[in-house]
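Here is a short tour of a protein model, one region at a time. Keep the structure open and find each residue as it comes up.

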Amino acid sequence: MAGSHYPLIYVPEPVAGLSKKLPPPVPRYRCQSLPEKPRAKKTHLGVLIAEGTAGLTLWLSALAVMQGAAISLGGVFLGLMLLVIRIQIAQNRAHKAQVKRYQEAVRSHLMVESYRREAYREMVREREEILNDPSRLSAYRRQILNDALSSIQCFRNPAADWQEPEKAYEFRFLNYLERYFPGRVYRGNLLLVPDLPPDCVLDFAYIDTVTGIHINIEVDEPFFLDASTGSCEPRNFVGSSDLRDKLLADKGWIVIHFAEEQVIRAPKSCCKAVALTIADLTGNQFLLAAFEDIPKLQPVPRWTAEESMRMAVEEFRSRKAQKKAAGVKSRLLPDQSRAGMS
């Protein structure tokens, strides 16, 4: 996860920036092409009459000159002329039918274009109204946020029972979360996220069924220390949770990591950081009203694995010294008491 300081906030790419998103521009209106005109040409009636007259004149002229032979040739010629005329008449009828179909197609095209222009004007009006009306713009952004997060799945773990957090500061932090976000905060062990490895248990979860926002809230400890054996294990160092966070982000979850130190010292400011994240996602500032007097959370640097081990060793030595000092004090007290009585 990117970032050099806590809190670390991981917002999935499809969700980031939705609170400032505007309705997309309406595509430029383009008229559809008119239907293609009929290609066949109509033969004019005058041409048909001229062809018939010319043919008849030639036949009569040949008949007057050659008589018998002309009758036969003229009959053939006249038949051909009549055939040509008949074909042209048929073509004229076909052309007339094509023209009629073309005219009907043009009327239909103009009607469709009228509907398309009106739909285009309506989309332009709708977009302008959304842009000029803050309440409608907010509703538009809530809807696209809900659509982007609608595929998130999370179920109650039937095998888990509610238990208080083991550490006092976590229980205290849970109380603050429930106070500021009533009905939307859950213990992580009570939930199951599909396809998330079983060992990846959420610390806390913020779930808003109205907006669809799911937030995994993690408290990162720098190390685990076994006081009895002195063994220590570095935890939550740079890069250690990247894969887990990516798995959750791919499912639409927002992930917020707080350092243990921040939760111990400023639990209210941690809650304010959660509210600020929600406000950035939704564009709605109503949650922030409860945090007007709460200071902003101070950042805490992240640690490497080496720094984690060093902190664990220092803590172990500190505890050992405290234990030793407590033992010395317990042995000295009786002597001091006797000295005081003498």
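## Glu221 and its loop

Glu221 sits in the loop between E7 and E8. Is this residue buried or exposed? Glu221 counts as buried, because its relative accessible area is 12%, and the cut-off for buried is under 20%. Keep in mind as you look around that this is a predicted model.

What does the side chain of Glu221 touch? There is a polar contact between the side chains of Glu221 and Tyr169, at 3.1 Å.

## The largest pocket

Glu221 turns up again when you look for open space in the model. The largest pocket holds about 1000 Å³. It has 32 lining residues, and the ones closest to the centre are Glu170, Asp203, Val219, Glu221 and Arg235. Which elements give two or more residues to this lining? They are strand E7 (214–220), strand E8 (223–225) and helix H8 (305–341).

Sort the lining of the largest pocket by class and you get 15 charged, 10 nonpolar and 7 polar residues.

## The second largest pocket

Now try the second largest pocket, with a volume of about 260 Å³. Here 17 residues form the lining, and Ile9, Ala273, Leu276, Thr277 and Asp280 are the closest to the centre. Which helix gives the most to this lining? That would be helix H7 (residues 267–282), with 7 residues.

By class, the lining of the second largest pocket splits into 10 nonpolar, 4 polar and 3 charged residues.

## Two cysteines, no bond

How many disulfides does the model have? The count is 0. As a reminder, a disulfide is a covalent bond between the sulfur atoms of two cysteines.

Take Cys270: its nearest cysteine sulfur belongs to Cys271 and is 7.0 Å away, and Cys270 is in no disulfide. Look from the other side, and the nearest cysteine sulfur to Cys271 is that of Cys270, at 7.0 Å, with Cys271 in no disulfide either. The cut-off explains this, because two cysteine sulfur atoms must be within 2.5 Å to count as a disulfide. As for accessibility, Cys270 is buried, with a relative accessible area of 0%, and Cys271 is buried too, with a relative accessible area of 0%.

## Rings that meet

Aromatic rings give you another set of contacts to hunt for: the model has 7 aromatic pairs. In one of them, the ring centres of Phe181 and Tyr206 are 5.5 Å apart and the planes stand at 90°, so this pair is edge-to-face. Where do the two partners lie? Phe181 is in the loop between helix H4 (168–180) and strand E4 (185–187), while Tyr206 is in strand E6 (residues 204–207), so the pair ties together parts that are 25 residues apart in sequence.

Both rings belong to buried residues: Phe181 has a relative accessible area of 1%, and Tyr206 has a relative accessible area of 1%. Follow the ring pairs further and you find a cluster made of Tyr180, Phe181, Tyr206 and Phe291.

## Backbone oddities

Next, check the backbone itself. The peptide bond that joins Tyr6 and Pro7 is cis, with omega at about 5°. Pro7 lies in the loop between strand E1 (5–6) and strand E2 (8–10).

Two residues other than glycine have a positive phi: Asp195, near 70°, and Asn236, near 55°. Asp195 is in the loop between strand E5 (191–192) and E6, and it is exposed, with a relative accessible area of 70%. Asn236 lies in the loop between strand E9 (232–234) and helix H5 (242–250). Is Asn236 buried or exposed? Neither one fully: Asn236 is partly exposed, with a relative accessible area of 23%.

## Back to E7

Finish up at strand E7, which is where you find Glu218. Glu218 is buried, with a relative accessible area of 7%. What is the distance between the C-alpha atoms of Glu218 and His257? They are separated by 4.7 Å, although the two residues are 39 residues apart along the chain.

Key:
Residues numbered from 1 in each chain as written. Predicted model: local features only at pLDDT ≥ 70, side-chain atom pairs only at ≥ 80, totals over all residues. Heavy atoms only, no water. 1 Å grid on protein atoms, 1.4 Å probe; cavity = no way out; pocket = protein on both sides within 12 Å on 5 of 7 lines; lining within 4 Å. Points joined across faces, edges and corners; volume = space filled by probe spheres on them. Helix = DSSP H or I, 4+ residues; strand = E, 2+ residues; numbered from the N terminus. Nonpolar A, V, L, I, M, F, W, Y, C, P; charged D, E, K, R; others polar. Buried < 20%, exposed > 50% of the residue type's maximum accessible area, 1.4 Å probe, protein only. Phe/Tyr/Trp six-rings, centres within 6.5 Å; stacked < 30°, edge-to-face > 60°. Polar contact = N/O pair within 3.5 Å; in protein donor to acceptor, adjacent residues only side chain to side chain.
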